Amino acid sequence: MESSSAATVSAGPSLGPTPADLLRRLRARGAADPVTHVERVPARPGVPAPWPSWAPPELRAAFARRGVVAPWQHQAQAATLAYEGEHVVVATGTASGKSLAYQLPALATLLADPRATVLYLAPTKALAADQLRAVAALELEGVRPACYDGDTPRAEREWIRRHSRFVLTNPDMLHHGVLPGHAQWSGFLRRLAYVVIDECHTYRGVFGSHVAHVLRRLRRQCARFGSTPVFVLASATSGDPSTAAGRLTGLPVTAVTEDASPRGGVTFALWEPPLLPPDSGPSTPVPPQSTGDHDDLQQVRRSALRETADLLADTVAEGVRTLAFVRSRKGAEVVAANARRALDDAVPGLGDRVAAYRGGYLREERRELERALLHGDLLGLASTNALELGVDLIGLDAVLICGYPGTRASLWQQAGRAGRSGQEALAVLVARDDPLDTYLVHHPEAIFGAPVEATVLDPANPYVLAPQLACAAFEAPLTPADLALFGDGAKEAVDQLVAAGALRQRPTGWYWRHRERPEVDLRGEGGAPVCVVESSTGRLLGTVDGGSSHFLLHSGAVYLHQGVSYVVDDLDLVDGCALVHAEEPDWSTHARDVTDLSVVSVRSYVDAGPVGMFLGEVDVTSQVVSYQRRRIATGEVIDTRPLDLPARELRTVAVWFTLSPQSLTLAGVQPADVPGALHAAEHAAIGLLPLMATCDRWDIGGLSTAVHPDTEAPTVFVYDGHPGGAGFAERAYGTASAWLRATRDAIAECGCESGCPSCVQSPKCGNGNNPLSKPDAIRVLDVVLANLPE
Ligand SMILES: [Zn+2]
Ligand SMILES: [Zn+2]
């Protein structure tokens, strides 16, 4: 997705204060110092490399016309590996020019062999369109790059299949269009030299597991047509990219991770908004509908949105070009609006220099905002995540990150927008009231000293493997040799499909028995997708997988679609359809569920005296029972409303630990406090799991109980929220002591008295965060950690 660094638009000279001065002024505003840590990330000079000798002169000249004088070392290294036929993943930082690493070998091959073809995959259509423009701008003869996606007119599709030699698409189109129609694509696939997988770290969890099998199906078709393409993957910085890329493609992949692009120095501050005195908080009259009486006792921190808005106003007032990253679009608008108001109060008219950058803008409008920011006409921009932003938008004087973005990889991607060579910049991470954020601002080593997390996916998930094998059998009968390609569990899955009547075994292999092709949605799971329909027009806005529909589309839910806010009027489960109308209330909705769980089997366990740690299959029954409405600007709870939805069942993978009642008594946990202790430990453990694996807390669920019928002991369960599991619980089991140590520290270090959203309270708790015991949760985790081997 990225243009080479040399072609990047760079901002003009900074006229504002130095980052150190700026930070000093920002932190001097309040009574307490909100800064918990300051890290200096030094500048790094770029290391250029000569053009590889195999790169033809006309290709070098084409890049030179685009402003690329020479590649950086990592680009040249990855390009040469790929050119020599090795599968390679380049995993380096924002704007390090990863695209050159695959464009160079792919285009050199297209120029050398007038028949060869290249397939490029991006997670979004917008990214493929950006990349199309970049390749087209090189104006190379005979390449004829073209996007092939759901928007491509029918009339153009045949021309593209026949004549384009650089096809840009996405995994969904590969799955729904190219592979089932392989006969029409045979000419293209027969000559396929490279498969480029951009932003491959986005293929994680269940979606990533599906994409892994789509790529195996692609490899199978290529093999049938006699081609063996080289895979080139580009990833954000991630832990162990070679293993993740290998799981994704099923091939041995060499990683290039040494970033040789230049980077400006950054002063990086960790910022924890102050706790509000209990009586002054956002004044919340007790709402009549409220059911969770404990909500009203919440002690809260100043919201990260308010804090970020103030910081944005202050940096803009200092003349500093600032980009604020906010997780939700509505949040970005709140930050921009509050900053504008504060600036206008100080100097009327100054507020005009701040804008929100939201989805739904046309590309031209987005680029205009980026230009205005780079040229200093605009000084502050509040935006959602980096994928929507122009890749050229780097070299800013300050970046504010409102809430930990979920992974160190995205944290560095966002912070990477700050700083340009020769000048220092400021980055600030503003913690939200969430246990993971709390842990991180008190453990800078977990940000600055730790490798970024690994991308987790599990192609062996039977709920993914079986439908994917059905798709493969539809495309061509499966043979015993194919089973090895699809990996562990493929034989069992095929046997199940035969037993279910979907496949028929013949001497030559397994045949799909139906006329229609299997319906498999890469991005959905857990039941048929639910359609989202606008009541007034009947327009279909999109679909939501069945598993999430109770959470996202219950009556009264605020549902965001491409930046536009809708409110759900009715969820019709019989017709699989939710009726919505456009409305933008100033609250968000948060569904809560209650859960029941039984153990099906134990896959692996550690017997550690009074403590047991387990990994296994479980059956989870859950029911969404109510939802909270919360003010977006402050996070304040407006009310909790009941819902009437049926319970749903899920067979998945869980990690759990048990403790003997005696060990808890010895540790000073009174029997009456055991439920609150386990419950608090469970919430915090779920909050901290994203530290170990690329999931967010909505991908996982939990349950705790003072005595569970299957374990006959006090137990805390944490399970994957996806049928068959997505690899998260497995990862938690594998890193159990590090994970629970971080959980314990996050609770112990939170400055609150008796538990708050920053440590043991959970926004999705089905029991209204009751009971919870913060001090006893620490005792529970101390017992586990004292017994569990490292
Ligand atoms: Zn707390
Ligand atoms: Zn709970």
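1. Starting at the edge of a sheet: Ala 146 has Val 167 in E5 as its bridge partner. Keep in mind that this is a predicted model. Strands E4 and E5 (residues 166-169) run parallel to each other, with three bridges between them.

2. Stepping back to the whole sheet, it is open and parallel, built from seven strands in the order E4-E5-E3-E6-E7-E2-E8. Strands E4 (145-147) and E8 (254-256) are the edges, and each pairs on one side only. From one strand to the next, the twist averages 20 degrees.

3. What packs on this sheet? Helix H4 (residues 98-112) lies across strands E2 (88-91), E3 (117-121), E5, E6 (192-197) and E7 (230-235). Relative to E6, helix H4 runs at about 170 degrees.

4. There is another open sheet of seven strands, ordered E1-E9-E14-E13-E10-E12-E11, and here the pairing is mixed. Strands E1 (35-41) and E11 (354-357) each have a single partner strand, so one side of each lacks a neighbour in the sheet. Neighbouring strands are turned by 15 degrees against each other on average, ignoring direction.

5. Within that mixed sheet, E13 (residues 398-402) and E14 (residues 425-430) run parallel and are joined by five bridges. One residue pair to click on is Leu 400, whose bridge partner in E14 is Val 428. Helix H12 (residues 329-346) packs on the sheet too, touching E10 (322-326), E11 and E12 (380-383), at about 175 degrees to the direction of E11. Helix H15 (residues 435-442) lies across E1, E9 (266-271) and E14, and runs at about 130 degrees to E9.

6. On to the rings: the structure holds 12 aromatic pairs. Why is the pair of Trp 412 and Phe 448 edge-to-face? Their planes stand at 70 degrees, and over 60 counts as edge-to-face; the centres are 5.9 Å apart. The pair links distant parts of the chain, with Trp 412 in helix H14 (residues 408-415) and Phe 448 in helix H16 (residues 444-449), 36 residues apart. Trp 412 is partly exposed, at 27% relative accessible area.

7. Tyr 605 and Phe 614 are stacked, 5.9 Å centre to centre with 25 degrees between the planes. Is each partner buried or exposed? Tyr 605 counts as exposed because its relative accessibility is 54%, whereas Phe 614, at 19%, counts as buried. Ring pairs link both of them with Trp 656 and Phe 717 into a cluster.

8. Finally, charges over rings: the charged end of Arg 157 sits over the ring of Tyr 148, 5.5 Å from its centre. Likewise, Arg 224 has its charged end over the ring of Phe 225, 5.8 Å from the ring centre.

Methods: Residues numbered from 1 in each chain as written. Chains lettered and ligands numbered in written order. Predicted model: local features only at pLDDT ≥ 70, side-chain atom pairs only at ≥ 80, totals over all residues. Heavy atoms only, no water. Pairing = 2+ DSSP bridges. Helix = DSSP H or I, 4+ residues; strand = E, 2+ residues; numbered from the N terminus. Axes fitted to C-alpha atoms, helices over the stretch in contact; angles between N-to-C directions. Contact = heavy atoms within 4.5 Å. Phe/Tyr/Trp six-rings, centres within 6.5 Å; stacked < 30°, edge-to-face > 60°. Buried < 20%, exposed > 50% of the residue type's maximum accessible area, 1.4 Å probe, protein only. Lys NZ or Arg CZ within 6 Å of the ring centre and 35° of its normal.
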